[in-house]
Amino acid sequence: MSVLAQSSALVGGPGLPQRRELRTAVPGPRSLALAERRSAVVAAGVSSALPVYAAAAGGGVLVDVDGNSFIDLGSGIAVTTVGNSAPKVVADATEALSLFTHTCAMITPYEGYVRLAEELAAITPGDHKKRTALFNTGSEAVENAVKIARHSTGRSGVAVVDHAYHGRTNLTMAMTAKNMPYKDGFGPFASEVFRAPTSYPFRDGTDIDGRPVDGPAAARRAIEHLERSAGANRLAALVIEPIQGEGGFIVPAPGFLTEIARWCSDNGVVFVADEVQTGVARTGAWFASEHEDVVPDLITTAKGLGGGLPIAAVTGRADLMDSVHPGGLGGTYGGNPVACAAALAALDTIREDGLIDRARAIGDAAGARLRALAETDPRIGDVRGRGAMLGIEFVRPGTREPDPALAKAVAGHAHQAGVIVLTCGSFGNVIRLLPPLPIPDELLHDGLDVLAEALQAAR
């Protein structure tokens with residue numbers, strides 16, 4: 001009998017008991033058996049953060065094949081924003097699945113694709129005319145945004161910033177800053193990618209006059225670098241995460257994005273907001289760009305858009321999107337009908353359950369707890385984020401020297417205690433919290449208690 005069959009009594013979704021409970025050591029015997037099978041058939045390059053195997057998930061918990069219930073503070077890297085197996089997502093995707101699994105939107109289209117494009121036109125920033133193209137992954141969305149920018153401008157250069165993460169395709173690896181594990185040994189990479197300094201308030205220090213480097217100053221620094229290294233007339237697009245994800249949950253100083261977007265507009269450079277991780281209610285707004293009142297020319301979405309199913313989008317100005325010739329955009333599985341149904345249900349769930357407000361409430365509650373920890377623990381250099389997207393940067397006390405070993409130790413302790421957290425950052429010294437928005441308050445605070453205990457244990 002398979003492990004899945006042994007776990008068949010479980011039903012995922014918010015009906016799962018919302019509690020942390022460990023019935024075995026972590027990993028348990030069934031997870032260990034699966035790990036042994038995996039090592040014989042799965043490529044070593046596909047790694048996992050936790051050594052446990054999922055059987056069901058929902059609300060704020062994930063249950064493994066050994067019956068251990070973990071508090072989920074990762075949401076599958078910001079994917080299950082509306083909760084794992086959210087009822088409307090499951091129901092609508094199941095209905096779509098019963099009708100047809102695939103036709104290829106480039107052959108015989110269907111209403112779900114059109115409806116989702118209508119929804120994205122309504123919720124993305126700006127009241128201009130918009131168009132959407134659907135894809136499968138965030139990397140695909142970013143790569144297609146660059147294609148659109150290049151085609152519409154007739155230019156080839158692409159600007160990105162330090163600490164960026166944009167994906168794992170050849171072009172998006174070139175756009176990504178961090179070498180290990182994303183780029184090492186996989187070159188040569190796509191050319192015509194130019195990198196500029198970004199706004200990283202915790203590490204920006206002061207200018208030559210001893211003043212903190214604020215957002216506009218950081219923007220001037222980035223712009224001067226790009227004008228010197230590339231020239232605005234060579235750039236098709238500037239692609240930036242409004243809050244950097246894998247790079248360390250870096251929230252730029254106020255005014256940085258505004259000034260960058262203004263420079264792009266003044267110079268005919270397409271401003272692309274990579275909202276693959278920040279988008280779809282995660283930060284307490286539909287999109288993180290809204291916090292700075294920035295209206296991107298193009299915006300990429302994925303992760304939380306599909307409620308757990310793979311779907312991605314590029315949405316943006318109609319003149320840019322329509323500049324590409326028929327057949328120039330697409331893909332066999334882009335905008336799969338079942339994934340479209342799931343995405344529409346996820347957007348409905350966000351509205352009906354008030355999850356944008358819930359993201360803000362999570363940010364307020366968790367942020368207050370984390371900042372209180374930082375006041376008494378000099379190893380916490382910075383607490384930052386927006387809504388339900390929070391980062392804790394660890395340093396050696398009395399310095400800003402990154403402490404990746406501490407981040408790894410805290411995450412490892414949390415995993416053993418039944419809490420799923422993820423690390424990130426260019427220096428590997430940040431723990432990121434991405435709880436599903438329906439997580440109950442008591443479960444959230446239990447997870448934060450475990451993080452505090454993990455910090456104490458790592459002294």
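Select Leu-116 in this predicted model and display its surroundings. Beyond the residues up to four places away in sequence, Leu-116 touches Leu-134, Leu-305, Ile-311, Cys-340, Ala-343, Leu-344 and Leu-347. Leu-116 belongs to the largest nonpolar core, a set of 90 residues, and it shares with Leu-238 the distinction of having the most contacts inside that core. Next, colour helix H11, residues 337-352: this helix supplies 11 residues, the largest share of the core. For orientation, also mark Val-142, Met-175, Val-314 and Met-321, which are included in a second, separate core of 25 residues.

Remain with Cys-340, one of the residues that Leu-116 touches. Cys-340 is buried, with a relative accessible area of 0%. Does its sulfur lie within reach of another cysteine, or too far for a bond? The closest cysteine sulfur, in Cys-104, is 12 Å away, so the separation is too far for a bond. A search of the whole structure likewise finds zero disulfides. Select Cys-424 as a further cysteine to inspect; at 2% relative accessibility, Cys-424 counts as buried.

Now move to strand E4, residues 130-135. Five of the six residues of this strand are buried, so E4 is largely enclosed by the rest of the structure. Add strand E10, residues 312-317, to the selection: E4 and E10 run antiparallel and are joined by six bridges. To follow the pairing at the level of residues, select Phe-135 and look across to Ala-312 in E10, which stands opposite. While viewing the strand, recall that in a regular strand the side chains alternate between the two faces of the sheet.

The next stop is the loop between helix H4 (87-99) and helix H5 (111-123), where Thr-101 lies. Is Thr-101 buried or partly exposed? Its relative accessibility is 47%, and Thr-101 therefore counts as partly exposed. Leaving aside neighbours within four places in sequence, Thr-101 is in contact with Asn-336, Pro-337 and Val-338. Draw a distance between the C-alpha atoms of Thr-101 and Ala-339: the two residues are 238 residues apart along the chain, yet these atoms are separated by 9.5 Å.

Finish with the aromatic rings. Select Phe-189 together with Lys-183, which lies over the face of the ring at 5.5 Å from the ring centre. Then select Phe-202 with Arg-400, which lies over the face of Phe-202 at 4.5 Å from the ring centre. As for rings paired with one another, a search of the whole structure finds two aromatic pairs.

Conventions: Residues numbered from 1 in each chain as written. Predicted model: local features only at pLDDT ≥ 70, side-chain atom pairs only at ≥ 80, totals over all residues. Heavy atoms only, no water. Core = buried A, V, L, I, M, F, W, Y, C linked by side-chain atoms within 4.5 Å. Buried < 20%, exposed > 50% of the residue type's maximum accessible area, 1.4 Å probe, protein only. Helix = DSSP H or I, 4+ residues; strand = E, 2+ residues; numbered from the N terminus. Contact = heavy atoms within 4.5 Å. Phe/Tyr/Trp six-rings, centres within 6.5 Å; stacked < 30°, edge-to-face > 60°. Lys NZ or Arg CZ within 6 Å of the ring centre and 35° of its normal. Pairing = 2+ DSSP bridges. Disulfide = S-S within 2.5 Å.
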